[in-house]
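Visitor: Got a minute to walk me through this one? I'd like to get a feel for it before I head back to the bench.

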Amino acid sequence: MTKVLINEKLVDEQEANVPYNDRGYVFGDGIYEYVRIYDNHIFTARPHFERLLRSAKEIGLDLKYSVEGLIELVQELINANGIVNGGVYIQVTRGAAPRDHAFPTPSVEANVMAFTKNYGRPYKELEEGINAVTTEDIRWLRCDIKSLNLLGNVLAKELAVKYNAKEAIQHRGDIVTEGSSSNVYAIKDGEIYTHPVNNYILNGITRKVIKHIAEEQNIPFNEETFTLDFLKNADEVIVSSTSIEVMPVVKLNGESVGDGKVGAITKKLQEGFTRYIDTVSGEFQENGQKI
């Protein structure tokens with residue numbers, strides 16, 4: 001029987017529920033993370049849960065857990081469900097309270113929920129690439145917070161599905177931001193370009209890994225804005241996330257990217273990413289700290 005984590009308790013999925021007045025359900029008042037599992041290990045666990053705690057702080061949500069405590073909870077869930085390769089979704093809401101836009105007074109206990117998913121790496125798509133479309137970025141202005149407010153992302157992803165694409169690459173005016181569920185990179189003349197870390201994008205954990213791999217291989221990694229025209233004329237385009245890893249985009253709005261094949265820089269980054277998966281913890285040094 002599949003187990004779900006509800007506030008530190010593992011329950012059968014049929015018994016998993018949240019109150020009707022939970023603020024995540026009523027207002028989208030909460031945050032989440034999604035972490036990858038390779039060979040029963042949580043890949044880059046620490047930065048994921050550090051980001052969860054940061055998101056909680058940014059919305060004034062009192063989350064009484066440490067990174068280590070969250071990792072322990074999630075690992076217990078992984079072990080209970082026997083997940084070898086897959087992922088874990090963890091969500092935290094401000095809790096259950098009578099419906100009122102303002103925070104509950106007095107405050108209530110946050111609700112924590114997590115569930116697992118069993119799946120392998122997307123080898124076929126990594127090797128062949130995917131199609132993507134572009135669309136206006138209509139999301140709120142705090143995309144750096146991994147919140148439950150994902151309607152803009154949902155609409156963008158549905159647009160991609162409508163046009164038989166796997167991802168929608170968003171832009172504010174002429175400036176490319178990120179995908180509906182990914183970070184975006186344009187590669188031109190051997191250099192990588194990606195939107196700088198600010199409130200317009202989520203600083204992806206896979207993005208951090210890619211940046212490290214690029215630096216390790218002496219591939220210029222430019223964190224600066226670029227236009228739709230620059231994206232459309234790139235030699236290679238990549239989208240990345242916890243679930244899709246380093247994913248090449250070979251068609252954009254029905255037109256081939258570069259020569260329509262997975263490029264050399266993309267392959268180097270994919271090879272570097274696989275090396276990190278093959279380590280026990282998926283850790284590396286960033287600014288002198290393990291990630």
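What follows is a chat about the overall build, the core, the salt bridges and a surface patch.

Guide: Sure. One thing up front: this is a predicted model.

Visitor: Fair enough. How many helices and strands does the chain have?

Guide: Eight helices and 17 strands.

Visitor: And what's the radius of gyration like against a compact globule?

Guide: It agrees: a compact globule with 291 residues would have a radius of gyration near 19 Å, and the chain has 19 Å. Along the principal axes, the C-alpha atoms fill a box of roughly 55 × 40 × 35 Å.

Visitor: How much of the chain is buried?

Guide: Of the 291 residues, 51% count as buried. The accessible surface is about 14,200 Å², and carbon and sulfur atoms account for 50% of that.

Visitor: What share of the contacts join residues far along the sequence, say at least 24 apart?

Guide: That's 71%, counting contacts between residues at least 6 apart in sequence.

Visitor: OK, on to the inside. Which residues touch the most other members of the largest nonpolar core?

Guide: Phe49, Val88 and Val92, out of 26 residues in that core. Strand 3 (30-38), helix 2 (45-58), helix 3 (67-81), strand 5 (86-93) and strand 6 (111-118) each supply at least two of its residues. Helix 3 gives the most, with six. As a general point, nonpolar side chains tend to be buried together in soluble globular proteins.

Visitor: Back to Phe49. What does Phe49 touch?

Guide: Leaving out residues up to four places away in sequence, Phe49 touches Val35, Val67, Leu70, Ile71, Val74 and Ile90.

Visitor: Switching to charges. How many salt bridges are there?

Guide: The count comes to 20. One of them pairs the side chains of Arg142 and Glu58, at 2.8 Å from N to O. That pair links distant parts of the chain, since Arg142 is in the loop between strand 7 and helix 5 while Glu58 is in helix 2, 84 residues apart.

Visitor: Are those two buried or exposed?

Guide: In between. Arg142 counts as partly exposed at 27% relative accessibility, and Glu58 is partly exposed too, at 37%. Both belong to a network of salt bridges that also takes in Arg54 and Asp144.

Visitor: Which residue does Lys166 pair with?

Guide: Glu125, with 3.5 Å from N to O. Lys166 is in the loop between helix 5 and strand 8 (167-172) and Glu125 is in helix 4 (residues 123-128), so the bridge ties together parts 41 residues apart in sequence. Lys166 is exposed at 51% relative accessibility, whereas Glu125 is partly exposed at 26%.

Visitor: What about Glu167, buried or exposed?

Guide: Buried, because its relative accessibility is 1% and the cut-off for buried is under 20%. Glu167 forms a salt bridge with Lys157, where the closest N and O atoms are 3.0 Å apart. Glu167 lies in strand 8 and Lys157 in helix 5, so this pair joins parts ten residues apart in sequence. Lys157 counts as partly exposed, at 27%.

Visitor: Last topic, the surface. Which residues make the nonpolar patch?

Guide: Ile138, Leu151, Val154 and Leu155 make a patch of about 410 Å².

Visitor: Where is Ile138 found?

Guide: In the loop between strand 7 (130-136) and helix 5 (151-162).

Visitor: Why does Ile138 count as exposed?

Guide: Because its relative accessible area is 56%, and exposed means over 50%.

Methods
Residues numbered from 1 in each chain as written. Predicted model: local features only at pLDDT ≥ 70, side-chain atom pairs only at ≥ 80, totals over all residues. Heavy atoms only, no water. Patch = residues over 30% accessible without salt bridge, like charges linked within 9 Å, V, L, I, M, F, W, Y side chains within 5 Å. Areas by Shrake-Rupley, 256 points an atom, 1.4 Å probe, with all protein chains shown as cover. Salt bridge = Lys/Arg side-chain N within 4 Å of Asp/Glu carboxyl O. Helix = DSSP H or I, 4+ residues; strand = E, 2+ residues; numbered from the N terminus. Buried < 20%, exposed > 50% of the residue type's maximum accessible area, 1.4 Å probe, protein only. Rg over C-alpha atoms; globule rule 2.2 N^0.38 Å. Contact = heavy atoms within 4.5 Å. Core = buried A, V, L, I, M, F, W, Y, C linked by side-chain atoms within 4.5 Å.
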